[in-house]
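Visitor: Please show me the structure, and then let us discuss it by question and answer.

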Amino acid sequence: MERETLKFVIVGHVDHGKSTLIGRLLYDTGSLPDEKIEEIRKFCEALGKDIEFGYVMDHLEEERDQGITIDTAQIFFNSAKRDYVIIDAPGHVEFVKNMITGASLAEAAILIVDAEEGVREQTKRHAYILGMLGLSQVIAVINKMDLVGHRKERFDEVKRDLLKFLDGIHISPGQVIPISAKNGENVAKGSDSMGWYTGPTVLQALDLLRPKPGAADHPMRFVVQDVYNFSKRIVVGRVESGVVSAGDPLLILPSREKTTVKSIEEFLRTPASAEAGKAVGITTAEKVFVDRGNVLVPPGPPHPSVTNTIRANIFWMDRRPSGPGEVFRFRCATQEAACRIETIHAIRDSSSLETISRDGGEIRNREVADVTLKTEKDVVIEDFNLTEALGRFVLARQDTCAGGIITGFSA
Ligand code: GDP
């Protein structure tokens, strides 16, 4: 049987111990090659320090820097139960961008808080983003317990503060774990200094998480990337969910034309079907008009919506605020359309979560807004929980300036 994989992110305020925890997880699960550990040990010795697990990340980053530009690195390790992928983004803007564009999708998150410093601004902002992105499986860890004498009282205090805040944004962490990432306490092994804690270690808590239900169980959605006219015409794209098979009837959105799948084309192969996650070509029985951005679905419901009016939560991630009447590029899966913000219903600061009232209605960096968007032409969208790729989008000028999750639409 194929081993199960679970993707997660680690978020938290800067310096609260994210890199150290990643290094620790890799080290304690034996996922680092001996030479790498030796290299890091020597490096730390030269600095007159004990081995610092944060350096593991720096070393991984160096390797990453030599590669092509990517916004995310994926880091692998495994427990006895399953394989894990840590999605590491250099900052929260990249994280939101990756999540929203689908470059990398996490199924769960570890939220890390420094026991000495307690809940800080970025702790709140990151937690809020997790909520907005629909990441409901969260493990909270209170790190650097060694710096507060491993005291239960301090743990309880920080835990209370954190849970109060998380409750307000409807996140209830499965576990809150006192750890020392640096010393490896309650990460993969228990801790003698915190005998008062009887819950799971971080690794055990990860093993308790559920992977998301597979996209394979959802209705078929094929997002068209391109159309090639070779000796036969091939519609190339990605099966976002479900399974497409030769002989299946198809509805083309937004045109609503109908056709049938004649064949599925892969390099030198013509498989009978292709499942979620596969990038393949399709030939159709009739000569119908298909274009980049179209979505091919089964003729029966549930259908995605074809609309030009979208209600969404957007996260602004550009220093330049939104301008009145400004025209953006709306990008969702392979669709692209000009768009305007028609109405701003509410704006919130992403760290204090306070509602902001402002004349002129601009949305500024790191604010979250509930908006209605109007696209210049119809687009194909769907509930985020049903088809992720059709439920999230970005707004762009030259570069991405906001990411969004669709919360409603009018057909
Ligand atoms: P990041 O910015 O969240 O990735 O934080 P780092 O992992 O780089 O850690 C920031 C600093 O906190 C570093 O100097 C770490 O050595 C230190 N640190 C991390 N975890 C612990 C811990 O459990 N105990 C102590 N005492 N220091 C820690």
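Guide: Two terms are needed at the outset: buried means under 20% relative accessible area, exposed over 50%, and partly exposed in between (1.4 Å probe, protein chains only). Helices (H or I, at least four residues) and strands (E, at least two) are DSSP runs, numbered from the N terminus. This is a predicted model, in which local features need pLDDT of at least 70 and side-chain atom pairs count only at pLDDT 80 or more, while totals for chains, interfaces and linings use all residues. Residues are numbered from 1 along each chain as its sequence is written, and side-chain values use heavy atoms, with hydrogens and water left out.

Visitor: Which residues of H1 are buried?

Guide: Helix H1 covers residues 18-28. Of its 11 residues, 8 are buried, so H1 is largely enclosed by the rest of the structure. The buried residues are Thr20, Leu21, Ile22, Gly23, Arg24, Leu25, Leu26 and Asp28.

Visitor: Which element gives the largest share of the shell around the ligand?

Guide: A residue is counted as near the ligand if one of its heavy atoms lies within 4 Å of it. Of the 16 residues around the ligand, Asp15, Lys18, Ser19, Thr20 and Asp146 come nearest. The shell divides into 3 nonpolar, 7 polar and 6 charged residues; here Ala, Val, Leu, Ile, Met, Phe, Trp, Tyr, Cys and Pro count as nonpolar, Asp, Glu, Lys and Arg as charged, and the others, Gly among them, as polar. The largest share, 3 residues, comes from helix H1.

Visitor: How much of the area that the ligand exposes when taken alone does the protein bury?

Guide: Polar contacts (pairs of N or O atoms within 3.5 Å; within protein, one must be able to donate a hydrogen and the other to accept it, and residues adjacent in sequence count only if both atoms are side-chain atoms) are the term to use here. A ligand oxygen is 3.1 Å from an N or O atom in the side chain of Asn143, and a ligand oxygen is 3.0 Å from such an atom of Lys144. Taken alone the ligand exposes 580 Å², by the Shrake-Rupley method with a 1.4 Å probe (for residues, only the protein chains shown count as cover). The protein buries 79% of that.

Visitor: Why does the largest nonpolar core lie between two domains, and which are they?

Guide: A nonpolar core is a set of buried Ala, Val, Leu, Ile, Met, Phe, Trp, Tyr and Cys residues joined through side-chain atoms within 4.5 Å. Of the 35 residues in the largest one, Val9, Leu130, Ile142, Leu166 and Ile169 touch the most other members. Elements giving two or more residues to this core include strand E1 (5-12) and helix H6 (152-168). The core lies between the two domains because both give residues to it, with bounds from an automatic or database assignment: domain 1 (5-207) and domain 3 (305-410).

Visitor: Which backbone oxygen does the side chain of Arg397 reach at 2.6 Å?

Guide: Arg397 sits in the loop between strand E19 (392-396) and strand E20 (400-410). Arg397 is buried, at a relative accessible area of 15%. Its side chain reaches the backbone oxygen of Arg320 at 2.9 Å. At 2.6 Å, the Arg397 side chain reaches the backbone oxygen of Pro321.

Visitor: What is the relative accessible area of Ala333?

Guide: Ala333 is in the loop between E16 and E17. Ala333 has a positive phi of about 50° although it is not a glycine. Ala333 is partly exposed, with a relative accessible area of 39%.
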